[in-house]
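Trainee: Could we take a close look at the aromatic pairs in this structure? I should like the geometry and the criteria set out together.

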Amino acid sequence: MKHQSKLQSLQETLLRDGIQSKKSWCDDSNNGLLSPVSKGQRLIIIHAGGEIGFVPNALLMWKSHQASGDYHHQMNQQNYEKWVQEKLIPNLPPNSVVIFDNASYHNVILNKAPTSNTPKEEMKNWLDKEGIPYDAKMLKPTLYELIKIAKPRTVTYSVDKIFINAGHTPLRLPPYSPELNPIETIWSIVKGWVASRNTTFTLSGVQQLCEEKFSSMTANDWVPICNRVKRIEDEYMEREVHFDNIVDPIIINLGGVSDDGSEDSSSSDEMEDVQLENTD
């Protein structure tokens, strides 16, 4: 029996130990809470969730530039994919659609095709791996022409393969589209809540506040945010239809070869008539 797909949004963020609200209450006896002058240490957070709330046991937090178990320093492909395999996928509902942005470690390509600057031997190795015949005496520019013709038109990403092999569907957002990622709003809520309650200005204090807020948020917090994202998607799709209707009529064919491969002589004649009229 096939399960209904569940949308899951994932992303990483960070918080500094000095995070605080820009406003505070005070009376004549004091000047309010003073925050540290320095930027402070950073706490890296990665989590996922959707209309059913946060994915259970998927939360991961650690101090930036400090080893913490097998996770260390900044987020990268190795750490990200380790989190996906060990903490996210085991707790995802079956047949989930996983939404994520275009961070560099989300977009690591499998068997990436060589570029024009790739050494000649690496070009040959890639052609051998793809089973593409070539003459060993070919020069580098000729080899690169073969690569351009043969390289996959559909790019396969490393993390996509992990999700697909686990029975899930990866969905990569368009560049610079945070409004289409529900967890972006969740981060804003969490950061605002932590900032308004941060009085210790320590990394452990901020982490404790984060854990408290994460544990208190439920599907009731996620559902309206996910619904708003769906409305934005519908608006974009509707605008796309209007855009096509506006652009198509104003496309000007300047002659040349038509879609069926035949020469479009009528357009050339019309262009000549226009030019003659302009010269008169």
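Mentor: The aromatic pairs are described below, one after another. This is a predicted model, in which local features need pLDDT of at least 70 and side-chain atom pairs count only at pLDDT 80 or more, while totals for chains, interfaces and linings use all residues. Residues are numbered from 1 along each chain as its sequence is written, and side-chain values use heavy atoms, with hydrogens and water left out.

The structure holds six aromatic pairs. Rings of Phe, Tyr and Trp (its six-membered ring) pair if their centres lie within 6.5 Å; planes under 30 degrees apart count as stacked, over 60 as edge-to-face and the rest as tilted. One of the pairs joins Y80 and Y105, tilted, at 5.6 Å centre to centre with 50° between the planes. Y80 belongs to helix α1 (residues 77–88), whereas Y105 lies in the loop between β5 (96–100) and α2 (120–129), 25 residues apart. Helices (H or I, at least four residues) and strands (E, at least two) are DSSP runs, numbered from the N terminus. Y80 counts as buried because its relative accessibility is 0%, and Y105 is buried with a relative accessible area of 16%. Buried means under 20% relative accessible area, exposed over 50% and partly exposed in between (1.4 Å probe, protein chains only).

The rings of F100 and F163 are stacked, because their centres are 6.0 Å apart and their planes lie at 25°. F100 is in strand β5 and F163 in helix α4 (residues 158–165), so this pair ties together parts 63 residues apart in sequence. Both F100 and F163 are buried. Finally, ring pairs link F54, W187, F214 and W222 into a cluster.
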